[in-house]
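Please walk through this structure with me, taking its sheets, helices and cores in turn, and keep the 3D view open while reading.

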Amino acid sequence: MSLVIQSVSPHIGAEVIGADLAQPVGDNLFRQLHQAWVDADGLLVIRDQRLTPEQQISFSRQFGELASAGDNPVIQKYTLPGYPEIFRVSNKKQDGEPLGREDAGTYWHSDGTWQTFPSKASLLYGIEIPRVGGNTMFADLYQAWETLTPTMQHMVEGLKAVHAMANAGGTSFEREFTGKGDVVAAKTAIHPLVITHPDSGRKALFVNRGYTARIVGLSRPESDALLGFLFDHSTAPELVYRHTWRSRDLVIWDNRCTAHYAIPDYKAIGDRYLHRTSVKGDRPMQ
Ligand SMILES: [Fe+2]
């Protein structure tokens, strides 16, 4: 069966119909999916999948090496037992212990931009989804660049910014690192404000409110003013697709050209349980 690819918004995101990722995905099918992903500005929705943890891991590995909990106890407690590559996102509890991270990414961010090699891709699979709520918003960082005036493009190109995990200090996950100052301090990286995506060759505005802390070489007020504008600009409603999850959705996003925001509005409605795999970055942003 050939694939059908349909846009889910005017700029960002496409839905793929006709792929069964529980079957081995050959090179030819993977190339088509990867191209569709690049063409959709780094966001793919594939519905009605029935994926075991093994199948999700095996498909995700086709994008590159996966991140794993390793011996990090903060990450470990949220991973699926026996599967250090599967990070659980959930508000559910078992015997009083969280089954996953409840407030994962409830602010604008791209995964792991505080790392020297930011994550290439994240794959999130919906298993239990509330009747309403718990949507995820995705912003298009190519469009964010392309919709700046040439004058503003000229101003920001060539600048660099510090990305820090501690910047998103209001969230539960980051609070778990607080008090372990050396760990938090190590979780910073410097990236260009404008990057060229290695697959598409297009420029993207590489900022996110969660982790982008400061522009190198500017005073604090200068940096805050410029970043504040860029954060608002890059997440304007016109540049955002809002995904309404269904159980068995697999959503794949590229952390180098998209930002996302998980809306924590569902807890009075029902439970939410998802499995995430993360593909490690393999090069600096440039
Ligand atoms: Fe995230």
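An open sheet of three strands makes a good place to begin, and its strands follow the order β15-β9-β17 with antiparallel pairing. At its edges stand β15 (240-243) and β17, each of which pairs on one side only. Averaged over this sheet and with direction ignored, neighbouring strands are turned by 20° against each other. The antiparallel strands β9 and β15 are joined by four bridges, and within this pairing methionine 137 has arginine 242 of β15 as its bridge partner. It should be kept in mind throughout that this is a predicted model.

A further open sheet also consists of three strands, here in the order β11-β10-β14, and its pairing is antiparallel. Because β11 (188-192) and β14 stand at the edges with a single partner strand each, one side of each is left without a neighbour in the sheet. Neighbouring strands of this sheet are turned by 30° against each other on average, again with direction ignored. Between strand β10 (residues 160-164) and β14, which run antiparallel, there are three bridges, and histidine 163 is found opposite threonine 212 in β14.

Strands of a sheet pair through backbone hydrogen bonds, and they may do so either parallel or antiparallel. Strand β18 (residues 273-279) takes part in pairings with β5 and with β8. Strand β5 (residues 83-90) runs antiparallel to β18 and is joined to it by four bridges, with serine 90 opposite tyrosine 273 of β18. Strand β8 (residues 121-128) pairs with β18 in the antiparallel sense over seven bridges, and here alanine 121 has valine 279 of β18 as its bridge partner. Since six of the seven residues of β18 are buried, this strand is largely enclosed by the rest of the structure.

Among the helices, α8 (residues 220-234) can be checked by its length: at 1.5 Å a residue its 15 residues should span 21 Å, and its end C-alpha atoms are 21 Å apart, which agrees. Which residues of α8 are buried? They are Leu227, Leu230 and Ser234, and because they cover an arc of only 60° around the axis, they lie on the same side of α8. This fits a general pattern, for an α-helix has 3.6 residues a turn, so residues three or four places apart point the same way. The face of α8 turned away from the buried side carries Pro221, Gly228 and Asp232, which are exposed. The buried residues of α8 pack against β9 (136-140), α4 (141-146), β13 (203-205), β14 (212-215) and β17 (258-262).

The length of helix α1 (residues 27-39) can be examined in a similar way, for at 1.5 Å a residue its 13 residues should span 18 Å, and the end C-alpha atoms are indeed 18 Å apart, which agrees. After α1 comes aspartate 41, whose phi is positive, near 60°.

In soluble globular proteins, nonpolar side chains tend to be buried together. The largest nonpolar core of this model has 57 residues, and those with the most contacts inside it are Leu44, Leu141, Leu205 and Phe206. With neighbours within four places in sequence left aside, leucine 205 is in contact with Leu141, Ala144, Trp145, Leu193, Val194, Leu230 and Ser234. A second, separate core is made of six residues, including Trp114, Ala168, Ala189 and Tyr211.

Definitions and conventions
Residues are numbered from 1 along each chain as its sequence is written. This is a predicted model: local features need pLDDT of at least 70, side-chain atom pairs count only at pLDDT 80 or more; totals for chains, interfaces and linings use all residues. Helices (H or I, at least four residues) and strands (E, at least two) are DSSP runs, numbered from the N terminus. The expected span of a helix is 1.5 Å times one less than its number of residues. A residue is buried if 20 or more other C-beta atoms lie within 10 Å of its own, exposed if 12 or fewer, and partly exposed in between; C-beta atoms are placed from the backbone. The arc is that of the directions from the helix axis to the C-beta atoms. Two residues are in contact if their C-beta atoms, placed from the backbone, lie within 7 Å. Two strands pair if DSSP finds at least two bridges between them. Axes are lines fitted to C-alpha atoms, for helices over the stretch in contact, and angles run from 0 to 180 degrees between N-to-C directions. A nonpolar core is a set of buried Ala, Val, Leu, Ile, Met, Phe, Trp, Tyr and Cys residues joined through C-beta atoms within 7 Å.
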